[in-house]
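Thanks for making the time this morning. I would like to walk through one model with you, going from its helices to its cores and then to its aromatic rings.

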Amino acid sequence: MTIKWTDDLNTGIEVIDKQHMRIVDYINDLENAHQKQDKEAVRQVLDDLVDYTLSHFAFEESLQEEAGYKYCKPHKKVHELFVRRVNEYMERFKLGDDVSAEIHKLLSSWLINHIKRDDADYVAAVKANMIGIISEKEKKKDDGWFKRFFK
């Protein structure tokens with residue numbers, strides 16, 4: 001079943017939402033490759049999906065750390081457990097098992113639950129940190145050389 005992006009999946013952090021949308025695209029690509037029974041396409045999508053998801057997790061975790069999110073370590077642990085689970089499917093796939101339907105089901109349900117529950121928890125901390133960074137940059141921009149000179 002194709003995943004449709006809905007507003008309730010938005011975190012309100014544009015860069016994260018775009019990354020999540022890309023992961024949804026990969027999951028939908030996986031479904032298409034599976035329906036066509038194209039093993040090479042399934043393999044390529046899985047490889048791309050895993051690579052992209054790992055970089056997304058690292059980016060998300062860095063935002064949380066920078067924001068001082070208090071549950072950063074448990075969130076990272078959730079990511080690690082998920083990666084381990086996906087890697088088990090990848091190993092089975094490499095051994096010749098057709099895991100595309102199973103992994104599609106896992107990815108679909110896990111991603112939606114993860115966004116709505118786990119990711120929703122860090123949004124306030126990351127947004128506050130991002131607003132603080134933007135505010136600092138604006139303050140520095142307002143203190144141009146002319147203003148500093150006449151202080």
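**Helices, cores and rings**

Let me begin with H3, which has 23 residues and reaches 33 Å from its first C-alpha to its last, close to the 33 Å expected at 1.5 Å a residue, where the expected span is 1.5 Å times one less than the number of residues. Helices here are DSSP runs (H or I, at least four residues), numbered from the N terminus.

Before going further, I should say that this is a predicted model, in which local features need pLDDT of at least 70 and side-chain atom pairs count only at pLDDT 80 or more, while totals for chains, interfaces and linings use all residues. Residues are numbered from 1 along each chain as its sequence is written, and side-chain values use heavy atoms, with hydrogens and water left out.

The buried residues of H3 are Cys72, His75, His79, Phe82, Val86, Tyr89, Met90 and Phe93; buried means under 20% relative accessible area, exposed over 50%, and partly exposed in between, with a 1.4 Å probe and protein chains only. As a reminder, an α-helix has 3.6 residues a turn, so residues three or four places apart point the same way. After H3 comes Gly96, with a positive phi near 105°.

H2 has 29 residues and spans 42 Å from first C-alpha to last, close to the 42 Å expected at 1.5 Å a residue. At its N-terminal end H2 is capped by Asp38, a side-chain oxygen of which lies 3.2 Å from the backbone nitrogen of Glu40. In the loop between H1 and H2 sits Gln37, a residue other than glycine whose phi is nonetheless positive, near 55°, and which is exposed at a relative accessible area of 71%. Just after H2, Gly68 also takes a positive phi, of about 70°.

Now to the interior, and to a question: which residues have the most contacts inside the largest nonpolar core? They are Leu30, Leu46, Phe82, Val86, Ile103 and Leu107, in a core of 26 residues, a core being a set of buried Ala, Val, Leu, Ile, Met, Phe, Trp, Tyr and Cys residues joined through side-chain atoms within 4.5 Å. The elements giving two or more residues to this core are helix H1 (14-35), H2, H3 and helix H4 (100-142). Leu107, leaving aside its neighbours within four places in sequence, is in contact (heavy atoms within 4.5 Å) with Ile27, Leu30, Leu49, Phe82 and Val86.

Apart from that core lies another, of eight residues, among them Ile13, Tyr69, Tyr122 and Val126. Gln64, in helix H2, counts as buried at 0% relative accessibility, and beyond its neighbours within four places it is in contact with Tyr69, Cys72, His75, Tyr122 and Val126.

Finally, the rings: those of Phe, Tyr and Trp (its six-membered ring) pair if their centres lie within 6.5 Å, with planes under 30 degrees apart counted as stacked, over 60 as edge-to-face and the rest as tilted. By this rule there are six aromatic pairs. Phe57 and Phe82 have ring centres 6.2 Å apart and planes at 70°, so their pair is edge-to-face; it links distant parts of the chain, with Phe57 in H2 and Phe82 in H3, 25 residues apart. Both Phe57 and Phe82 are buried, and ring pairs link them with Trp110 into a cluster. Tyr69 and Tyr71 also pair edge-to-face, at 5.9 Å centre to centre and 75° between planes, although Tyr69 is buried at 11% whereas Tyr71 is partly exposed at 45%.

How values were computed. Polar contact = N/O pair within 3.5 Å; in protein donor to acceptor, adjacent residues only side chain to side chain.
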